Amino acid sequence: MKRSEIDHIIDRALEFSTNRGFVFPHFAYYTAEDWQKLNKNSQEIIDNMLGWDVTDFGEGNFSRRGLVSFTFRNGNYEHPDLYPKPYCEKLFVIEDGQELPYHFHRKKMEDIINRGGGTLEITVYKADADEKLDKQKPVTYVSDGERFTVPAGSVIQLPPGRSATMTQGTYHQWKGVPGTGRILLFEVSSTNNDKTDNRFLEDIPRLISVEEDTPRQHLLFNDYGEIKLKG
């Protein structure tokens with residue numbers, strides 16, 4: 001993806017969220033220059049991948065298949081002595097008709113929560129022993145305190161205000177229902193590591209390479225390796 005496209009996507013996500021009354025923490029607005037001024041007090045942001053992430057899964061069509069997210073807080077199961085939080089919180093802005101490909105998590109359990117805008121649909125399967133779609137086994141999930149068991153391949157509808165819990169080993173694909181509008185989506189989960197814990201059904205990259213066609217306005221968490229904290 002081009003840096004200019006990434007910055008534009010983040011600016012639109014900020015605008016959409018703030019127009020719906022949501023306020024981000026200060027580091028959501030850091031410029032590339034701000035990041036270079038940070039000291040060791042900000043180590044947790046770097047180590048736990050807090051902040052922005054954008055991907056088109058290497059397909060070059062973000063509006064069809066893509067993801068923009070902001071991580072507010074996160075633990076670190078590789079360094080629980082330093083970062084003992086057992087939870088993570090994220091925000092996503094889902095475009096009308098935009099899809100997140102089938103994937104499951106090996107360690108993370110998550111609640112996907114529609115906080116407003118359009119309707120989200122989630123298609124669910126269990127993973128079989130070969131980590132493919134199990135087209136026979138039913139899927140059990142919880143939605144706002146109610147437990148449901150549905151056939152493999154069922155589509156869960158999440159209008160604004162509704163949520164669904166995805167357990168480990170449950171393949172899920174989500175999509176903004178076309179014509180219902182953009183969605184302000186939240187995720188509350190156990191500790192998350194986007195570099196290691198996502199198993200996609202297709203052979204597609206979760207983290208993408210960036211073409212630096214313009215000066216950076218925002219950093220992604222995958223850019224943090226270039227930051228040298230002071231002090």
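## Exercises on a predicted model: strands, rings and burial

Strand β12 is mostly covered, with six of its seven residues buried. Buried means under 20% relative accessible area, exposed over 50%, and partly exposed in between (1.4 Å probe, protein chains only). Strands (E, at least two residues) and helices (H or I, at least four) are DSSP runs, numbered from the N terminus.

This is a predicted model: local features need pLDDT of at least 70, side-chain atom pairs count only at pLDDT 80 or more, and totals for chains, interfaces and linings use all residues. Residues are numbered from 1 along each chain as its sequence is written, and side-chain values use heavy atoms, with hydrogens and water left out.

**Exercise 1. Find the strands that pair with β12, and place Q173.**

Start with the pairing rule: two strands pair if DSSP finds at least two bridges between them. Strand β6 (residues 120–127) pairs with β12 in the antiparallel sense over seven bridges. Here Y125 has Y171 of β12 as its bridge partner. Strand β4 (residues 99–105) is also antiparallel to β12, over three bridges. E99 stands opposite K175 in β12.

Now place Q173. This residue is found in strand β12. Its relative accessible area is 16%, so Q173 is buried. Next, list its contacts, meaning heavy atoms within 4.5 Å. Leaving aside neighbours within four places in sequence, Q173 touches E99, L100, P101, Y102, E121, I122 and T123. Finally, check for a polar contact. That is a pair of N or O atoms within 3.5 Å; within protein, one must be able to donate a hydrogen and the other to accept it, and residues adjacent in sequence count only if both atoms are side-chain atoms. The side chains of Q173 and E99 make one, at 3.4 Å.

**Exercise 2. Classify the ring pair F92 and W174.**

A pair of aromatic rings is described by the distance of the centres and the angle of the planes. Rings of Phe, Tyr and Trp (its six-membered ring) pair if their centres lie within 6.5 Å; planes under 30 degrees apart count as stacked, over 60 as edge-to-face and the rest as tilted. The whole structure holds 18 aromatic pairs. For F92 and W174, the centres are 5.3 Å apart and the planes make 75 degrees, which is edge-to-face. The pair links distant parts of the chain: F92 lies in strand β3 (residues 87–94) and W174 in strand β12 (residues 170–176), 82 residues apart. Check burial last. F92 is buried because its relative accessibility is 3%. W174 is buried too, at 2%.

**Exercise 3. Lay out the six-stranded sheet and the helix on it.**

Write the order: the open sheet runs β1-β2-β3-β13-β5-β11, with antiparallel pairing. Mark the edges: β1 (51–55) and β11 (163–166) each pair on one side only. Add the twist, which averages 20 degrees from one strand to the next. Then place helix α1 (residues 3–19). It packs on the sheet, touches β1, β2 (67–74), β3 and β13, and makes about 120 degrees with the direction of β1. Axes are lines fitted to C-alpha atoms, for helices over the stretch in contact, and angles run from 0 to 180 degrees between N-to-C directions.

Zoom in on β3. Eight bridges join β3 to the antiparallel strand β13 (residues 183–190). L91 has F186 of β13 as its bridge partner.
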